[in-house]
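Open the model in your viewer and keep the selection box at hand. Each stop below says what to pick and what is there.

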Amino acid sequence: NESKYKNVSLFLVSGEDVKQYIFNLGFLGDGNFDYLYKYVSDNFGDSEANNFLIDQFSKVNDFNDTRTFFDEYMEPRINDFDNRQLKEIINVMNKNNQIYNYGGIYTRVNTIANKIKEQEPNFDFSQYDNINLKLN
């Protein structure tokens, strides 16, 4: 993973689009994510850092990563997401089978859904067929 960071620094030196490079990385996991999340936040702002967070969540590839990533990164920042980002999180949850098949996803889906409902009480969740049955 150190080589990924060296590549980031090379992109900075060569003028390539480092943000695009970072967003094209696969799932990073805990320690690697922290560094790049801070980098994106410091250099591109909080909204882009939240987009990076959602992008990384979309790439989880097992149930343990689903639980850990949501609990450690998504839920603590729940009030930092705008409505568009919250809907994207629901979309990600609906598309990634490692998320929607995770047994503990029920409460996590409702956490996001309730935040959406605060801003849009009549939002229609029926389009999210993989998680719709898990909504209150």
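Select Lys115 and Glu118 in helix 8 (residues 105-119). They sit 3 residues apart, about one helical turn. Their side chains form a salt bridge in this predicted model, with the closest N and O atoms 3.3 Å apart. Which of the two is buried and which is exposed? Lys115 counts as buried, because its relative accessibility is 16%, under the 20% cut-off. Glu118 counts as exposed, at 56%.

Next, select Lys38 and Asp42. Both belong to helix 3 (residues 30-44), 4 residues apart, again about one turn of the helix. Here too there is a salt bridge, with 2.7 Å between the closest N and O atoms. Asp42 has a relative accessible area of 53%, so Asp42 is exposed, the cut-off being over 50%.

Now pick Asp55 and Lys59. This pair forms a salt bridge as well, and the closest N and O atoms are 2.9 Å apart. How accessible is each partner? Asp55 is buried, with a relative accessible area of 19%. Lys59 is partly exposed at 23%. The cut-off for buried is under 20%, so the two residues fall into separate classes. A search of the whole structure finds 6 salt bridges, these three pairs among them.

Stay with Asp55 and widen the selection to helix 4 (residues 46-58). This helix has 13 residues. From first to last C-alpha it reaches 18 Å, close to the 18 Å expected at 1.5 Å a residue. Colour helix 4 by burial. Ala49, Asn50, Asn51, Phe52, Leu53, Ile54, Asp55, Gln56 and Phe57 are buried. Now colour by pLDDT. Where is confidence highest, and where is it lowest? Helix 4 has the highest, at a mean of 96, while helix 1 (residues 2-14) has the lowest, at 54. Over the protein chain the mean pLDDT is 85, and 83% of residues reach 70 or more.

Keep Phe57 and add Met93. In the largest nonpolar core, which has 41 residues, these two touch the most other members. Which elements give two or more residues to this core? They are helix 2 (18-23), helix 3, helix 4, helix 5 (63-74), helix 6 (83-95), helix 7 (97-100) and helix 8. In soluble globular proteins, nonpolar side chains tend to be buried together.

Show the contacts of Phe57, leaving aside neighbours within four places in sequence. The list is Thr66, Phe69, Phe70, Met74, Ile89, Val92, Met93, Asn96 and Ile99.

Four of those contacts, Thr66, Phe69, Phe70 and Met74, are also among the buried residues of helix 5. Select helix 5 next. Its buried residues also include Asp65, Thr68 and Tyr73. Then go to the start of helix 5. A side-chain oxygen of Asp62 comes within 3.1 Å of the backbone nitrogen of Asn64 there.

Finally, zoom out and show the protein chain as a cartoon. What do you count in helices and strands? There are 8 helices and 0 strands, and from the N terminus on the elements run α-α-α-α-α-α-α-α. Of the 136 residues, 45% count as buried. Among contacts with a separation of 6 or more, 63% join residues 24 or more positions apart.

Definitions and conventions. Residues are numbered from 1 along each chain as its sequence is written. This is a predicted model: local features need pLDDT of at least 70, side-chain atom pairs count only at pLDDT 80 or more; totals for chains, interfaces and linings use all residues. Side-chain values use heavy atoms; hydrogens and water are left out. pLDDT is the predictor's confidence in each residue, from 0 to 100. A salt bridge is a side-chain nitrogen of Lys or Arg within 4 Å of a carboxyl oxygen of Asp or Glu. Buried means under 20% relative accessible area, exposed over 50%, partly exposed in between (1.4 Å probe, protein chains only). The expected span of a helix is 1.5 Å times one less than its number of residues. A nonpolar core is a set of buried Ala, Val, Leu, Ile, Met, Phe, Trp, Tyr and Cys residues joined through side-chain atoms within 4.5 Å. Contact means heavy atoms within 4.5 Å. A polar contact is a pair of N or O atoms within 3.5 Å; within protein, one must be able to donate a hydrogen and the other to accept it, and residues adjacent in sequence count only if both atoms are side-chain atoms.
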